[in-house]
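Trainee: I am new to this structure and would like to get to know one part of it well. Could you pick a single stretch and tell me about it in detail?

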Amino acid sequence: MLEFKIIQELKPNEELLEIIKNYNYTIKNGKIKHLIATNLQFIEPTEYLITYPITLTILEYKANEISSKPFFSRSII
């Protein structure tokens, strides 16, 4: 069985919260996990689910040196 250890809890981005404050939304905090007995790390993104007036999901990943775009937007129709 795979065992994970949470290394870091990712908090919501204050700038993004300011932009979406006039919409109905829910937030699921992200996590950085370490797979025990290996050197692998997994990132669960912070998820912003806007439900009104449109349905939109924004995934925010922890930015690193390689990635310059920490946001991914996925529209659900």
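Mentor: Here is a close look at one strand and what surrounds it, after a few words on the whole chain.

This is a predicted model, in which local features need pLDDT of at least 70 and side-chain atom pairs count only at pLDDT 80 or more, while totals for chains, interfaces and linings use all residues. Residues are numbered from 1 along each chain as its sequence is written, and side-chain values use heavy atoms, with hydrogens and water left out.

The protein has 1 helix and 7 strands, where helices (H or I, at least four residues) and strands (E, at least two) are DSSP runs numbered from the N terminus. Read from the N terminus, the order is β-α-β-β-β-β-β-β. Of the 77 residues, 21% are buried; that word means under 20% relative accessible area, while exposed means over 50% and partly exposed is in between, using a 1.4 Å probe and protein chains only.

Now to our strand, S5, which spans 46-52. One partner is strand S2, residues 24-28, which pairs with S5 in the antiparallel sense over 5 bridges. Two strands count as paired if DSSP finds at least two bridges between them. Within this pairing, Tyr25 stands opposite Ile50 in S5. Strand S6 also pairs with S5 in the antiparallel sense, again over 5 bridges, and the two form a hairpin with 3 residues between them.

The loop of that hairpin deserves a pause. Pro53 sits in the loop between S5 and S6, and the peptide bond leading to Pro53 from Tyr52 is cis, with omega near 10°.

Let us move to Thr46, which lies in S5 and stands opposite Glu60 in S6. Is Thr46 buried or exposed? Thr46 counts as buried because its relative accessible area is 1%. Leaving aside neighbours within four places in sequence, Thr46 is in contact (heavy atoms within 4.5 Å) with ten residues: Leu10, Lys11, Pro12, Ile27, Lys28, Asn29, Gly30, Ile58, Leu59 and Glu60. One of these, Pro12, is 34 residues away from Thr46 in sequence, yet their C-alpha atoms are 6.7 Å apart. For the protein as a whole, 38% of contacts between residues at least 6 apart in sequence join residues at least 24 apart.

S5 also has a share in the largest nonpolar core, whose 7 residues are Leu16, Leu17, Ile20, Tyr48, Ile50, Leu56 and Ile58. At least two of the core residues come from each of helix H1 (14-19), S5 and S6 (56-60). Such a core is a set of buried Ala, Val, Leu, Ile, Met, Phe, Trp, Tyr and Cys residues joined through side-chain atoms within 4.5 Å. In soluble globular proteins, nonpolar side chains tend to be buried together. A member to follow here is Ile20, which touches Tyr25, Tyr48 and Ile50, residues up to four places away in sequence not being counted.

For contrast, look at the loop between strand S3 (30-35) and strand S4 (41-44), where Ala37 is found. Ala37 has a positive phi of about 75° although it is not a glycine, and Ala37 is classed as exposed because its relative accessible area is 78%. Phe42, in strand S4, is partly exposed, at 38% relative accessible area.
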